[in-house]
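Hi,

Here is the structure I said I would pass along. Have a look at it first, and my notes follow underneath.

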Amino acid sequence: HVANVAGVSNMSGAPDFEFISGCSDGTVKLWDVRTMQTVKMIQLKEKKMTTMSVHAFAPIMALASDSPLVTVMNTKGESLTSIKYHHGFLAPRIGPVCALGFHPLRLILAAGATDSVISIYSL
């Protein structure tokens, strides 16, 4: 990576790679630890990644930027869904995200924001 590393995670049972790293410039790399080579590189549309998390068993990852947005994508680089700020009285709110974490067995994502709020999402 050429900028600050926003996160590094391992993924159990992945056939071609074992580690995924994300950089603050929006680059995600999938690594093969046997050869210490990059297997795949994904360039995100959002150029300012603050944190990332990878599910231990499902081939999905969550990436957050300094805007109130979390993108959930698969390890092929395809966007699955996004979680973003909505205006309104009953709408869910999310601030700039600084921490992400997946439940180890379920498809549940926790997001911690700079406004001291933790949100839980079922994917």
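Among contacts in the protein chain between residues at least 6 apart in sequence, the share that joins residues at least 24 apart is 31%. Keep in mind that this is a predicted model, so every number below is computed from it.

On overall size, the C-alpha atoms fit a box of roughly 50 × 30 × 25 Å along the principal axes. The radius of gyration is 14 Å, which agrees with the value near 14 Å for a compact globule of 123 residues. Of those 123 residues, 41% count as buried. The accessible surface comes to about 7000 Å², and carbon and sulfur atoms own 58% of that area.

As for secondary structure, the chain has 11 strands and zero helices. Reading from the N terminus, the elements go β-β-β-β-β-β-β-β-β-β-β.

Now the sheet at the start of the chain. Four strands make an open sheet in the order β1-β2-β3-β4, and the pairing is antiparallel. Its edges are β1 (5–10) and β4 (37–43), each of which pairs on one side only. From one strand to the next, the twist averages 20 degrees. Within this sheet, β3 (residues 27–32) pairs with β4 over six bridges, in the antiparallel sense. If you want a place to check the register, K29 has M41 in β4 as its bridge partner.

Next come β5, β6 and β7. β5 and β6 run antiparallel and are joined by five bridges, with a hairpin of five residues connecting them. Here T51 sits opposite A64 in β6. On the other pairing, β6 meets β7 (residues 69–74) over five bridges, again antiparallel. That hairpin has three residues between the strands, and L63 has T71 in β7 as its bridge partner.

How many residues of β6 are buried? Six of the six in that strand (residues 60–65) are, so by the under-20% cut-off β6 is mostly covered. In a regular strand the side chains alternate between the two faces of the sheet. In β6, I60, A62 and A64 point one way while M61, L63 and S65 point the other, and all are buried.

Two residues I looked at in some detail:

- M49 belongs to β5 (residues 49–54). With 5% relative accessibility, M49 counts as buried, because the cut-off for buried is under 20%. Apart from neighbours within four places in sequence, M49 is in contact with A6, G22, C23, S24, G26, T27, V28, L44, L63, A64 and S65. As a distance check, M49 and E18 lie 31 residues apart in sequence, and their C-alpha atoms are 21 Å apart in space.
- L100 belongs to β9 (residues 97–102). L100 also counts as buried, at 14% relative accessibility. Leaving out neighbours within four places in sequence, its contacts are T51, M52, S53, A62, L63, A64, V70, L109, A110 and A111. L100 and S119 are 19 residues apart in sequence and 9.7 Å apart in space, C-alpha to C-alpha.

Those two contact lists tie back to the β6 residues above: L63 and A64 are among the contacts of M49, and L63 and A64 are also among the contacts of L100. T51, the residue opposite A64, is one of the contacts of L100 as well.

Last, the charged side chains. Side chains of opposite charge can pair when their charged atoms come close. How many salt bridges does the count come to? The count is one salt bridge. The pair is D32 with R34, and the closest N and O atoms are 2.9 Å apart, which puts them inside the 4 Å cut-off.

Are the two partners buried or exposed? D32 is buried, with a relative accessible area of 9%, whereas R34 counts as exposed at 61%. The reason for the two labels is that buried means under 20% and exposed means over 50%. So the salt bridge joins a buried residue, D32, to an exposed one, R34.

That is what I have for now.

Cheers

Methods. Residues are numbered from 1 along each chain as its sequence is written. This is a predicted model: local features need pLDDT of at least 70, side-chain atom pairs count only at pLDDT 80 or more; totals for chains, interfaces and linings use all residues. Side-chain values use heavy atoms; hydrogens and water are left out. A salt bridge is a side-chain nitrogen of Lys or Arg within 4 Å of a carboxyl oxygen of Asp or Glu. Buried means under 20% relative accessible area, exposed over 50%, partly exposed in between (1.4 Å probe, protein chains only). Helices (H or I, at least four residues) and strands (E, at least two) are DSSP runs, numbered from the N terminus. Contact means heavy atoms within 4.5 Å. Two strands pair if DSSP finds at least two bridges between them. Axes are lines fitted to C-alpha atoms, for helices over the stretch in contact, and angles run from 0 to 180 degrees between N-to-C directions. The radius of gyration is taken over C-alpha atoms; the globule rule is 2.2 Å times the number of residues to the power 0.38. Accessible areas come from the Shrake-Rupley method with a 1.4 Å probe; for residues, only the protein chains shown count as cover.
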